[in-house]
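I opened my notebook on this one with a simple plan: see how the chain is put together, then look up a few residues one by one. Here are my entries, in the order I made them.

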Amino acid sequence: MAFSGTVVTYGNGAGVVTATGMATELGRIAELLHTASTEGPRSIAIDMAQVSFLDIAGLRILLRAHQVAADHGVVLLLHNPQPHIIWLLQTTGAADRLLA
């Protein structure tokens with residue numbers, strides 16, 4: 001799985017686009033942020049239990065979503081991440097901002 005901003009440093013391959021824009025999970029997060037900042041709840045909980053892979057590009061998007069939420073007075077936190085994702089968050093210093 002590749003995300004916007006993913007860099008390929010070696011080799012070649014073919015990509016198949018399965019969804020774009022608001023039809024992706026990132027689009028869903030954007031929609032939640034918009035709804036929470038204009039109409040609704042003041043917090044967003046993202047259940048990470050079924051997320052088996054998170055790279056730096058995905059982490060960057062989550063951190064940006066966290067910042068946009070904070071700018072609108074909304075708290076965005078990750079719940080139930082798998083151990084290797086907790087490790088990534090702790091190693092990068094993002095755990096303090098993103099983990100519930």
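First, a cut-off I kept beside me: a residue is buried when its relative accessible area is under 20%, exposed when that area is over 50%, and partly exposed in between. I also noted that this is a predicted model.

**Entry 1: the overall layout**

I began with the elements and found 4 helices and 2 strands in the protein. Reading from the N terminus, I wrote down the order α-β-α-β-α-α. The protein has 100 residues, and 26% of them count as buried. I looked up the accessible surface too: about 6900 Å² for the protein, with 57% of it belonging to carbon and sulfur atoms. Then I turned to contacts between residues at least 6 apart in sequence, and 66% of these join residues at least 24 apart.

**Entry 2: helix α3**

Which residues of α3 are buried? I found Ile85, Leu88 and Leu89. Why do I say that they line one face of the helix? Seen down the axis of α3, the buried residues fall within an arc of 95°, so they line one face. A reminder to myself: an α-helix has 3.6 residues a turn, so residues three or four places apart point the same way.

I then checked the face of α3 turned away from the buried side, and there I found the exposed residues Pro83, Trp87, Gln90 and Thr91. The cover over the buried residues of α3 includes α2, β2 and α4. Just after α3 comes Gly93, with a positive phi near 80°.

**Entry 3: the two strands**

Next I followed β1, residues 43-47, and saw its side chains alternate. Ile44 and Ile46 point to one face and are buried, while Ser43, Ala45 and Asp47 point to the other and are not. β2 alternates as well: Leu76 and Leu78 are buried on one face, and Val75, Leu77 and His79 point to the other and are not buried.

How do β1 and β2 run relative to each other, parallel or antiparallel? They run parallel, joined by 5 bridges, with β2 spanning residues 75-79. I noted some pairs: Ser43 stands opposite Val75, and Ile44 has Leu76 as its bridge partner. Between the strands the chain crosses from β1 through helix α2, residues 56-71, to β2, and I recorded this β-α-β crossover as right-handed.

**Entry 4: a turn of phi**

In the loop between β2 and α3 I stopped at Asn80. The phi of Asn80 is near 60°, a positive value in a residue other than glycine. For comparison, I jotted down that most residues other than glycine have a negative phi.

**Entry 5: the core**

I looked up the largest nonpolar core and found 19 residues in it. Those with the most contacts inside this core are Ile46, Leu62, Leu76, Leu89 and Leu98. Two or more residues each come from α1 (25-38), β1, α2, β2, α3 (83-92) and α4 (95-98). Which element gives the most to this core? It is α2, with 4 residues.

Leu62 seemed worth its own line. Leaving out residues up to four places away in sequence, Leu62 touches Ile29, Ile46, Met48, Leu54, Leu78 and Leu98.

**Entry 6: three single residues**

I picked His66 in helix α2. Is His66 buried or exposed? With a relative accessible area of 16%, His66 is buried, because the cut-off for buried is under 20%. Not counting residues up to four places away in sequence, His66 touches Leu76, Arg97 and Leu98.

Ala45 in strand β1 was next. The relative accessible area of Ala45 is 56%, so I logged this residue as exposed. Apart from neighbours within four places in sequence, Ala45 is in contact with Leu77 and His79. The C-alpha atoms of Ala45 and Leu98 are 9.9 Å apart, although 53 residues separate them along the chain.

Last came Leu32 in helix α1. Leu32 has a relative accessible area of 34%, so I wrote it down as partly exposed. The C-alpha atoms of Leu32 and Ser43 are separated by 9.6 Å, and the two residues are 11 apart along the chain.

Methods
Residues are numbered from 1 along each chain as its sequence is written. This is a predicted model: local features need pLDDT of at least 70, side-chain atom pairs count only at pLDDT 80 or more; totals for chains, interfaces and linings use all residues. Side-chain values use heavy atoms; hydrogens and water are left out. Buried means under 20% relative accessible area, exposed over 50%, partly exposed in between (1.4 Å probe, protein chains only). Contact means heavy atoms within 4.5 Å. Accessible areas come from the Shrake-Rupley method with a 1.4 Å probe; for residues, only the protein chains shown count as cover. Two strands pair if DSSP finds at least two bridges between them. A crossover is right-handed if, with the strands pointing away from the viewer, the path from the first strand over the helix to the second runs clockwise. A nonpolar core is a set of buried Ala, Val, Leu, Ile, Met, Phe, Trp, Tyr and Cys residues joined through side-chain atoms within 4.5 Å. The arc is that of the directions from the helix axis to the C-beta atoms.
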